[in-house]
Amino acid sequence: MKNKKKAVSILILIMVGMVCALYFYNELIHMEIPIHSDDAGSATDLRDMIEMGNWRWSYWLSPFNWINAGLYLILGPCEIFLQTFFSVKYFICITMALLLAVYRKEKVEWWIVPVFVFCSMPGCFGTASIQPLKFHVWTIVVPLVCLVYILFRGNDLHQIQKKDICILAIISLIGIAEKDILIAVNCWLPFLLYWVIYFIQCGVVKKYIKQILLVGMSGLILGKLVFETYVYGGYGASTFVTIGELGENIQVGISGLLSMFNINLIGNDVLQYNTVIAFLRLLFLLMAFAVVGARVKEIRVKKIENVSMVDAIMTISVPVVLVIYLIGGKREDDISIRYAAYVYYALLVLLCRKMCEVVQKDQFELQIKSCRINMVSAFCVVAIIVSADPVTFTREENETDILAETIASNEQLECGRGSFWQAGVVSCLTGYQKEVQAAEWSQDQVVPFLSVWDSYGDGNKKYNFFVVNEEKNFGITEKNLIELFGDYEQKYSVGDNSIFLYDYDIRTAPLVIKADSLNYIGSEHELKVKNECIQVASGEYIQINNLYVTAGKIRLIIDGTFDKDAVQIEQELGAEMIQSARNKCEYEIEVAQLNDAMNIQLNNVSEKNVQIKDIRIERVDNSIELEQASEYKLYLTPGYYVFNVIGNGIRKSEFAFKLDGKIIEPEVIKAGRQKVSYAISIPLEGELEVTFKSSGEIQKIYYQNEIQGYLVNPKKVVYTTDYGIKINKKASLLYGPYAQLESGKYLVDIYGENLAQDNIYFTCDGGTRYDRYTVLQNQEDHFEYEIIADETVNNFEVIITGIGNEEQSTKVNYYVLSEEDENTDPVINLRYLYNDRNIYTSGEKNDKDEQIVLKNGDICFGPYIDLPSGTYQLDLYGDNLQQAEVKITEQDGTVVIDSLKEIAESEQMLRFSFESENDLEKFEVVVTNADQKQVTLQGYNIKSLTLDKNE
C-alpha cells in the first residue's frame, strides 16, 4: 500500500511537470525571436541526416538525439518540431527538479508544490527569458538523474554503498555522449569537490598528505608529457577573462539571471501588480542565495557527511557554476546565462527543501472549520493564476514571421542567402519551402558558411536573393552587394530586414567583359576599340578565351550596336538563341563537362560593321539532367563530378562507374530518403560508363560539378578546403590537388590567416619534394609562389601544415593554381620581420620590443631567397639605420651586388633600389653596425618594380 501511494505521488508530480512544460511551450512560441540560429542549425543538421543521408554515427550516441529524431519524423523540420523538442527537454529537467524539491523522508510535501511552480514559471521578455533553458540540457539532466538516484537511496552518505558509487560514476560518465564541456562544470566538478571536502573533514587528507602529493604531482608530470601539445578546441573552449571583462560579466550575469527567473523589474513601472509579483520572485531568489550560504555554514559546522547529499551537492554546484561562468570567457549578452542554466534548477530545489525544513506543521496555517489552509501555498496559487499568461498555443506574428511569410509568398524569390542568424531561422519558418543559406562577407566576397551547394535538393534550384539585416548582417551590406553583384532588380523591406532580388543565380557573380578586357578577347585581326566598343568588320569574329565553366548551362548576353541576327555563336557549341533583337542578343550553352579553358567565338554574319559594348556571362543551371535509365555513357573531361538522385524512399539507390573500362570507386556523399549523391574524381579525359540501380520513386537524375567559389579568371582553378584537397585533422595537414602540370610556369596563390612560409611546401610523384619554385609574396593572408616546371610534373600537390594546432593557428580559405601569363613578369612583394627563421644575426632578437638589437660590430643577414631578374625596392625599418652599413649579395655572400642605391630615408626607414639582369640565387641583405651607437632593425620589405612587358 505504501509503495502504491508513493507511485501515485510520483505520477502526480510528473503530471505537474507536464503542466509546467505546456506553459513553457506557450511562452516559447510567444517569444520575440521564435527560434534561435542554433535551433535552426539543429533542425538543418537533422534534416540533412534523415532526408539527405549525411549520417554521422557520433550523433546517435546522445540519448536526446533519439528523441529529437523521433519528433522530427512525426512533425517535420519546422518551428513546431523545435519548440516541442525543447519543451520535452524542459519537462524532463523540471520534473526531476520538482521531485528533488518536494520529496522528503519518504513523502511528498504537497504544500510546497505551488511555491516551486510560482518560482519556476518562465517568462517571455528579453533575449534570456527562455533561451538559456533550451541549451546544454544534457549537462543538466545527468547531474539531476544522479541526485534523484541519491534521493531514493536514502539521501544520506552513510546509506550509500560502493555499488551505488559505481552506478553514479557510470551515470555521470554518460554525460560525455553530448560532447559538451559543461558536463564537467555541472556534474563532475561538484561531485568531486563533495568527496574532497568529505575526505578533508574526516582527516584522510591530513593523514595521507605525503602520498596524495606524491601521486598528484606524478600525475601532473605525466599529464604534461601526454597532453602538453594537445590544445582543446572543441565546443566551450575559451580563455580566462581580464579584470575589466569580469566586471562586464557580473553585470551581464545579473541581468541574465533575473531574466531567466522571470523577474522583469528593469525599466518597468513600480506601482503595478505584475511588478509586485516580480518583486516577490526576486525575494524568493535572494532567499535561495541565502539558503546556499546557510548550507555552506552547515557543511563547515556539522560536517558534510551530516548534511543531506542532495542539499550538499547542489550547494556546491551553485558557486562552482557561477564562478566558471564569470571567469571562463567573456559573456557578450544576457543569453550567455545559458552556460549557468543549471543554477536555475539548483536554486529552486535548495529553496523549496529549506522551506520544508524551516516551516513546521503549525506555522503559517489557520484553522477554518475542518480545513487546513497553508498561507504560503494559497498565496502562490493566487499569484500563479493572476500572473500566468493565457495558454493559447498560437502566437502573434512578429517581424521574423512576416519576413519568412514575405519570402514564402513571393513567387519571384526562389532560394537565397543571408547572415547565419537569418538563414537558418527563415528556412525553418518557411518549412524549407524557400531555402536560405548562411553566408558572410570576407575578402570582398560573399563566403558561404556551408561549402556544399544544393545540399537540400535539386541541383538546378536558383538562388536569386539576399536577406540583409542592419544589425545581424555579418558584413553583408547593400553597398558591398552592389560592388560585387551589380544593381539588384528589386528591394523589399520588412522592418530592419531588406531582401535584394537579382535576375541571375547569385552563387556565381556574372562575368562582364568590357571592350578593354583584352585578356579575355581574341580576334583573327587586330582588335579595334573605339568609343568603348569593339569594332568587328563584316565576316570577322572575336573570341572569348579561357573561361572556367562547370557542367551546366550558361547564358551570354551581348550588347552593342548591330542589327537583328547579326551576331551569332559558332555552331559547334550547340548554342540556343533565346533572344535576337536590334543591339542585343542572348544565347544559352549547355556544357556537358567541366571546361577550364572554354573558348566562345562570336561571328559577325551581317554585311555591316558590328560594335560590341559588353558581353555578360551568367550561370543558368548548375547541373545536367539525365533521362531515367539504368545505364549512361558520358564523355567527360578531368574534374570532380557529383551524381545525384532526387525522389522518395530512394536510400538504396546506387551508382557504379567505369572510365575507359576501368572501375572508379565513388565517394558516397549522401544516402537519404529524398536524395542520394555519389562523387567521383576523373583524372583523365575519356568515356565514363555509369550504371544506376534504382529504388523507390525517382523524380530526377542529374550530375554536376560543385561550384567552387566566385573567381572567374582565365586558366585558373580554385580549390576549396572541401573539394580538390583533403584535410587530415589528426596531423593538422592539408594536401592536394594531385594535378598534372605541363612544362611551363605556374602560380600558386594561397589565401587564409596566419600563413607562414615554413608551413608550406610542394611535392610531386607521391611525396617527392619539389623545390623548383620562387616565393613572390609572403603576407599573413596571402602567399604566392611561382612554380617552374621544366618538364611534365605528375601528382603535383600543395602541402600546408600547422592547421588548427595552436591558438594562432594557420587557416586556409582556399588556394588557386593558375598558369602564369607569359606577357607579364611576376610581381615580388616579400616581408621579413625580425623574428623570421630565415633572418640570422650575431646581435639580440628582442621579442618584447619586436626588433633586432645590433651593437657595435654586430651583423644581421638573410633571407637566402631566389629572385628573378628585374628592378627592386628594398625598405628597412628600425632606428639609427643611417649609422649602419647595408649591402646586398648573392651566392651565399660570395657575390656583392653593386647596383644598390639609397633613394629615400626617414627616422625609422631606409629605402634602396637595385636591379639585376640575371636571376639572383640565395639573395641576402647584410646589415652591419660599424658605429658605437646601437642600431635596431624591425624588418624589411623587398618589392618588385618591374613593369609589364607590354607597357
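**Exercise 1. Find how many cavities of 30 Å³ or more the structure holds, and work out what lines the second largest.**

Solution. Start with the count: there are three cavities of 30 Å³ or more. A cavity here is a set of points on a 1 Å grid over the protein atoms alone where a 1.4 Å probe fits but cannot get out, and lining residues have an atom within 4 Å of a point. Volume is the space filled by probe spheres set on the points, with points joined across faces, edges and corners.

Before going on, a word on the model: it's a predicted one, where local features need pLDDT of at least 70 and side-chain atom pairs count only at pLDDT 80 or more, while totals for chains, interfaces and linings use all residues. Residues are numbered from 1 along each chain as its sequence is written, and side-chain values use heavy atoms, leaving out hydrogens and water.

Next, the second largest cavity: it has about 80 Å³ of space. Its lining includes Cys 119, Phe 261, Arg 281 and Leu 351. Helix 12 (273–301) and helix 14 (342–358) each give two or more residues to that lining, and helix 12 has the largest share, with four. Helices are DSSP runs of H or I, at least four residues long, and strands are E runs of at least two, numbered from the N terminus.

**Exercise 2. Trace the salt bridges of Glu 298.**

Solution. A salt bridge needs a side-chain nitrogen of Lys or Arg within 4 Å of a carboxyl oxygen of Asp or Glu. That rule gives 19 of them.

First partner: Arg 295, with the closest N and O atoms 3.1 Å apart. The two sit three residues apart in helix 12, so about one helical turn separates them.

Second partner: Lys 354, at 3.0 Å from N to O. Lys 354 belongs to helix 14 and Glu 298 to helix 12, so this pair ties together parts 56 residues apart in sequence.

Now check burial (buried is under 20% relative accessible area, exposed over 50%, partly exposed in between, with a 1.4 Å probe and protein chains only). Arg 295 is buried at 2%, Glu 298 is buried at 15%, and Lys 354 is buried at 15% too.

Finally, zoom out: Arg 295, Glu 298 and Lys 354 belong to a salt-bridge network that also includes Asp 311, Arg 353 and Glu 357.

**Exercise 3. Decide where to be careful with the model, using pLDDT (the predictor's confidence in each residue, from 0 to 100).**

Solution. The chain's mean pLDDT is 80, with 81% of residues at 70 or more. Helix 13 (residues 309–327) has the highest mean among the elements, 94, and strand 32 (residues 726–728) the lowest, 40. Residues 707–731 fall below 50. Low pLDDT means the predicted coordinates should not be read in detail.

Notes:
On a 1 Å grid over the protein atoms alone, a cavity is a set of points where a 1.4 Å probe fits but cannot get out, and a pocket is an open set with protein on both sides within 12 Å along at least five of seven lines; lining residues have an atom within 4 Å of a point. Contact means heavy atoms within 4.5 Å.
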